[in-house]
Amino acid sequence: MFLSSNEHYYKEYKGFAKQTMNTYATVVLAAGKGTRMRSTLSKLLHPLAGQPLLAHVLKSVESIPTTTAFSPWRASVSTSRPIVVLGHESEQILAAFGERCQYAMQHEQLGTGHAVLAAQESVDALENVPDTVLVCYGDTPLVRSEMLASVLATHLEQQATITFLTADADASSDYGRVVRDSQHHVREIVEVKRATPEQLQITEVNSGVYCFDRAWLWEALHALPRNAGGEYYLTDLIAVAGGQERRIATVRGSLDETLGVNNRVQLAQAEQVMRQRILERHMYAGVTILDPASTYIEEDVQIGTDTVILPGTMLSGQTTIGSWCRIGPGTTIDASSIGDRCVIRNSALEESVLEEEVTVGPFSHCRPGAHLARGVRMGNFGEVKNSYIGAETDVHHFSYLGDATVGAHVNIGAGTITSNYNGLTKEKYRTTIGDGAFIGCDTVLVPPVTVGEHAMTGSSALVNKDVPPHALVYGVPARLARMLPLSEDEAGQGDKKE
């Protein structure tokens, strides 16, 4: 089949444009006051699945180049850091995100069109002045990078003046209606408050993600009149472009991706959607989650294959969990690293490290700085804080180890505590226990103190002085009872030295 001359021209033009249109800029609108949140914290900093609302949007924006939808353009189209338009609570946003973004200020809030215009100077000052401007909202944390990429890729492919995201909604929706003509061309977006009864029956609605031709955008915004409310709306640009017979493209998406968070009810709704996404991602990746309805996993958590998550478990922060673990029930883990084949039951971990094959709980607590080496067994109602516990050590029930270094193959008897806090000087001292030591039940270790390798303490001993290796001590305060014999291996090593 032969192509017409116009078709040849379009093919050549499209190929040429694909080579020369090599940059786009992203503008994220974040200047609103967010009064309906009833908070002194910026709306965009309220946490959702462990990250601020704005962080989710930025992550999607930053991930556009790695998406499948953008792959045809990856080699020829580049971008820069997103430009965030700030207004109210700008100091909080700047402190939270720093140099991750570029910023523009909207000192007076006069609508979405005015907000985009506030970014003109920043966009035009980029080293490679972009041909395309992608616009999205900072309070729509559910928008996916793949969807943003689809809007951008469609805009580039069709060489449109405007491309925007639409979705289907019912007649009661308060989203702006997308009005098309008899040829299905977009003519305008009509806001609900000025829509006719017929227009309110339209199910296709505007979802608030746009791509614009940069040069046309600035000219159109400067010429845009104020609406009846005295503001400039981006949606009015659709009618302007339609009146000029400009190419307007649309991409159909899901409405939940552009759910705006304006109050705490909507924040909770977004949390439900995001939580389900996260759970499904882990399950598809090989993690068993027995009861998704009672399981909470934040965005940054990583879990290895064949791990089982039991009901009532919450995983948060920069937590990593290895393969073949069993976590829960009733377990909370925050900002911790868990190795392969670990079992954690009805316990809490914060900023802790567990190596492979560690068992914790039930009802135990690893506080910040806890490091349990391979094969450690920590019984019920135990607590470890800012301490290293060596490989294959047993920490029995009702024990507390704070600011301690414990060797390998040590027995920590039930009820053992390190009395590490000096209430007078407010100082904390360290306890050191050597390899192979045996700490009897209810021993109290008063640091700074060292218990030597293969030493032993009697039940209920109060150890406030260093214990030599292979010594047996008991009493209050503990005193030397006798020296313990060397093991065959230790005796053999001594003979070799002689």
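In the predicted model, Arg281 forms a salt bridge with Glu299, the closest N and O atoms being 3.8 Å apart. Arg281 belongs to helix H10 (residues 264-284), whereas Glu299 is found in the loop between S14 and S15, so the contact ties together parts of the chain that are 18 residues apart in sequence. With a relative accessibility of 39%, Arg281 counts as partly exposed, while Glu299, at 10%, counts as buried.

Glu299 also takes part in a salt bridge with Lys59, for which the N to O distance is 2.6 Å. This pair links distant parts of the chain, since Lys59 is located in helix H2 (residues 53-62) and Glu299 in the loop between strand S14 (296-297) and strand S15 (302-303), 240 residues apart. Lys59 is partly exposed, its relative accessible area being 34%.

A further salt bridge joins the side chains of Arg252 and Glu204 at 3.3 Å, N to O. Because Arg252 lies in strand S12 (residues 248-252) and Glu204 in strand S11 (residues 204-213), this pair ties together parts that are 48 residues apart in sequence. Arg252 is partly exposed, with a relative accessible area of 45%, whereas Glu204 counts as buried at 7% relative accessibility. Both residues belong to a network of salt bridges that also links Asp168 and Arg180. The count of salt bridges comes to 18 when a side-chain nitrogen of Lys or Arg is required to lie within 4 Å of a carboxyl oxygen of Asp or Glu.

With respect to the overall arrangement, the chain is divided into domain 1 (22-257) and domain 2 (285-473), and the C-alpha centres of domain 1 and domain 2 lie 49 Å apart.

Twelve strands form an open sheet with mixed pairing, in the order S13-S16-S19-S22-S25-S28-S31-S34-S39-S42-S44-S45. Its edges are formed by strand S13 (288-289) and strand S45 (479-483), each of which pairs on one side only. S13 runs parallel to strand S16 (residues 308-309), to which it is joined by two bridges, and within S16 it is Ile309 that serves as the bridge partner of Ile289.

On the surface, Phe363, Phe381 and Phe398 make a nonpolar patch of about 340 Å². Phe363 is placed in the loop between strand S25 (359-360) and strand S26 (365-366), and its relative accessible area of 46% makes Phe363 partly exposed.

Note on methods. Residues are numbered from 1 along each chain as its sequence is written. This is a predicted model: local features need pLDDT of at least 70, side-chain atom pairs count only at pLDDT 80 or more; totals for chains, interfaces and linings use all residues. Side-chain values use heavy atoms; hydrogens and water are left out. Two strands pair if DSSP finds at least two bridges between them. Helices (H or I, at least four residues) and strands (E, at least two) are DSSP runs, numbered from the N terminus. Patches are made of residues with over 30% relative accessible area and no salt bridge: like charges are joined within 9 Å, nonpolar side chains (Val, Leu, Ile, Met, Phe, Trp, Tyr) within 5 Å. Accessible areas come from the Shrake-Rupley method with a 1.4 Å probe; for residues, only the protein chains shown count as cover. Buried means under 20% relative accessible area, exposed over 50%, partly exposed in between (1.4 Å probe, protein chains only). Domain bounds come from an automatic or database domain assignment.
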